[in-house]
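Reader: I am new to this structure and should be grateful for a close look at one part of it. Please begin with a pair of packed elements and then proceed to the charged pairs and the backbone.

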Amino acid sequence: MWKNLEEEVMADQISGELQRWVEEIAQLTQPDSIHIVNGSEGENQTLLNLLVENGTFTKLNPEKRPNSYLAMSNPEDVARVEDRTFICSKEEIDAGPTNNWEDPVKMREKLSSLFPGCMKGRVMYVIPFCMGPENSPYSRLGVEITDSAYVVVNMRIMTRINQKVLERVQTEAFVKCVHSVGMPLEEGQKSVSWPCNPKNIVITHFPEEGEIWSFGSGYGGNALLSKKCFALRIASCIAKSQGWMAEHMLIVGITNPEGKKHYIAASFPSACGKTNLAMLEPTLPGWKVECVGDDIAWMFWNEEGELRAVNPEFGCFGVAPGTSMKTNKSAMESLHANSFFTNVAKTADNDVWWEGMTEEPPEGMTTWLKEPYDPASGKVASHPNARFTAPIQQVPCLDSAWNDPEGVPISAFVFGGRRASMMPLVREAASWQQGVFFGAAMTSEMTAAAKGTVGKVRHDPFAMLPFCGYNMGDYFTHWLSQEKEGRKLPAIFYVNWFLKDEEGHFVWPGFGENIRALAWMCNRIDGKAGAVETPIGLLPKREDLDIPQECDYGKLFFVDRDKWLQEAEDLAAYFDLFKERLPVALKDELHRMSQEIGSWTAKDL
Ligand code: TSX
Ligand code: MN
């Protein structure tokens, strides 16, 4: 039964624990055949042809977008499903109040009802992958077993897959990832273009074993297990026990006109334009922003006490709608070829389109639901969570150190959120403890892009709410514990690009103009810019922040006492969720802030 697409014998290809585990999963899932993925060009082309043959992929117009493909998913399989995502630690308290917990024994029983025979009639692919630069002390290995060829070709863009990595996973430790679309085929039954099993979706993590099992979905973070499941949920658990950090952060290098460079890592909840910031085109002359990563950062302290960051990923899996030459030229250019698109619209000339790409939709499109597009219908052409998959090496503003095995040194963390009022444009934490408080207190107003009530404020500490693999209270403690003798602690900032005036107009131009706030941060790190102490942190001195003429400093930095007292009350209630696992330091920070705001009178900034 051991054969791959070329009918070779599997036992000749893999050995050790990998072989034992692959055999075990094959016994369980009963695939027709097994293919060990090596990442070669030829193998990739074979899979792409197969995906076109099966109707999963449509090849896009090679004149417009060479070597690129479009997939339309099952309409019931379009996003991550947080209510079917589980952390199965032995003790419920170790998953914490913000995760779904299930008893690992019970969950294994549930998996035993789902996985037997689930790959019948399909090929089982074994994908060895490396997260982070190869030959780096900071990289980690994984192997994903999947019955989805779509997953294989996407993983080939998103992670490092090659012969060398295949050899390494036979002798080195790796995270075990098992994935099935959950749709076995009867003898002679033909598959559908997007196989899945929406009613039985479950994405489950065993942090103590370092294992991930995912069933029923072929989409994004549910199926590309390297990303949210491994690089964030499981890696956050490993990082906690090994003293490093796995964060939901972009990484950029910012160079000032004198040529001095600082790397920053920044986290934002969804719908705040994180990918746009990762590829920012600065409007201030002489400033440069270069991209190391757009989603995840793994960070480690080196012997010199520097915090070094690597991007564990090898590609970008970004939200397409809203991406345009105006909002993100770099992203648009990185998609010119060798890219995949999922749930965007198809144009009459076999290219792609999504809401926001151009002001006017082109004529004669097919929507993500495979229907003719009618602009008068009021229905969208692309799904709001439609995605592009693009190789990171195609990002034009890619930083020269993007693949450095030693990582890049982090000078600052930036947290942010979308708030129409009261959160100033930018502020700096006066201490590490206050900075951790900033992260723990992160909030964002929901937009129409996500489900939920538009405008409702949602807590999303460190933008890790759905991605922390253990108790969030312990995660706060882990952040606080980074403050140690001999370490060059990064500065911590909090930004809000989304302030509005009384008429509901944005008071900050955002996008490339955000470099002005980033420049103030760099100047603060270099000791070249002043700040004013307030109860909510350090605000830029008027003369030290270069804002556009049409902007009003007073509107960008007004500290509304009543609103902040309300915010403090709300935060206290949120923090109560974590009970005895909430570090006292955060309670202290909140208490101090409330006290100071209560007796604060706005001084001239
Ligand atoms: O990504 C955004 N960023 C970060 C850019 C580096 N967006 C898009 C968010 C949706 C994902 C923004 N939207 C930003 C921003 O800084 N700011 C805004 C709000 C805004 C929208 C439109 C305008 C101004 C601000 N238009 C004009 O001023 C003409
Ligand atoms: Mn993300």
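Author: In this predicted model, helix H10, residues 432–440, and helix H11, residues 472–480, have axes that come within 9 Å and cross at roughly 150 degrees. An angle over 145 degrees counts as roughly antiparallel, and H10 and H11 are therefore roughly antiparallel to each other. The crossing in which H10 passes H11 is right-handed. On the side of H10, the contact is made by Trp432, Gln433, Val436 and Ala440, and H11 contributes Phe476, Trp479 and Leu480. Sorted by class, these residues comprise six nonpolar, one polar and no charged residues.

Charged residues enter the picture with the salt bridges, of which the structure holds 29. In general terms, side chains of opposite charge can pair when their charged atoms come close. One of these pairs joins Lys227 and Glu313, whose side chains meet at 2.9 Å, N to O. Lys227 belongs to helix H7, residues 226–242, while Glu313 lies in the loop between strand S16 (307–310) and strand S17 (315–319), so the pair ties together parts that are 86 residues apart in sequence. How accessible are the two partners? Lys227 has a relative accessibility of 6% and counts as buried. Glu313, at 1%, counts as buried as well.

Two further salt bridges lie within helices. In helix H9, residues 329–334, Lys329 and Glu333 are four residues apart and are therefore separated by about one helical turn. Their salt bridge has its closest N and O atoms 3.5 Å apart. Lys329 is partly exposed, with a relative accessible area of 35%, and Glu333 also counts as partly exposed, at 31% relative accessibility. Beyond single pairs, salt bridges that share partners join Lys227, Lys228, Lys274, Asp295 and Glu313 into one network. The buried pair described above, Lys227 and Glu313, thus belongs to that network.

The other helical example is found in helix H1, where Glu17 and Arg20 are three residues apart, about one turn of the helix. Glu17 forms a salt bridge with Arg20, and the closest N and O atoms are 3.0 Å apart. Glu17 has a relative accessibility of 36% and counts as partly exposed. Arg20 is likewise partly exposed, with a value of 41%.

Helix H1, which spans residues 16–29, also leads to a notable point in the backbone, for Gln30 is found in the loop between H1 and strand S1 (33–36). Most residues other than glycine have a negative phi. Gln30, however, has a phi near 55 degrees, a positive value in a residue other than glycine. Its relative accessibility is 35%, and Gln30 therefore counts as partly exposed.

A second residue of this kind is Asn350, which has a positive phi of about 65 degrees although it is not a glycine. Asn350 lies in the loop between strand S19 (345–346) and strand S20 (352–353). With a relative accessible area of 28%, Asn350 is partly exposed.

Note on methods: Residues numbered from 1 in each chain as written. Chains lettered and ligands numbered in written order. Predicted model: local features only at pLDDT ≥ 70, side-chain atom pairs only at ≥ 80, totals over all residues. Heavy atoms only, no water. Axes fitted to C-alpha atoms, helices over the stretch in contact; angles between N-to-C directions. Helix = DSSP H or I, 4+ residues; strand = E, 2+ residues; numbered from the N terminus. Parallel < 35°, antiparallel > 145°, perpendicular 65-115°, else oblique. Left-handed = near helix turned anticlockwise from the far one by under 90°. Contact = heavy atoms within 4.5 Å. Nonpolar A, V, L, I, M, F, W, Y, C, P; charged D, E, K, R; others polar. Buried < 20%, exposed > 50% of the residue type's maximum accessible area, 1.4 Å probe, protein only. Salt bridge = Lys/Arg side-chain N within 4 Å of Asp/Glu carboxyl O.
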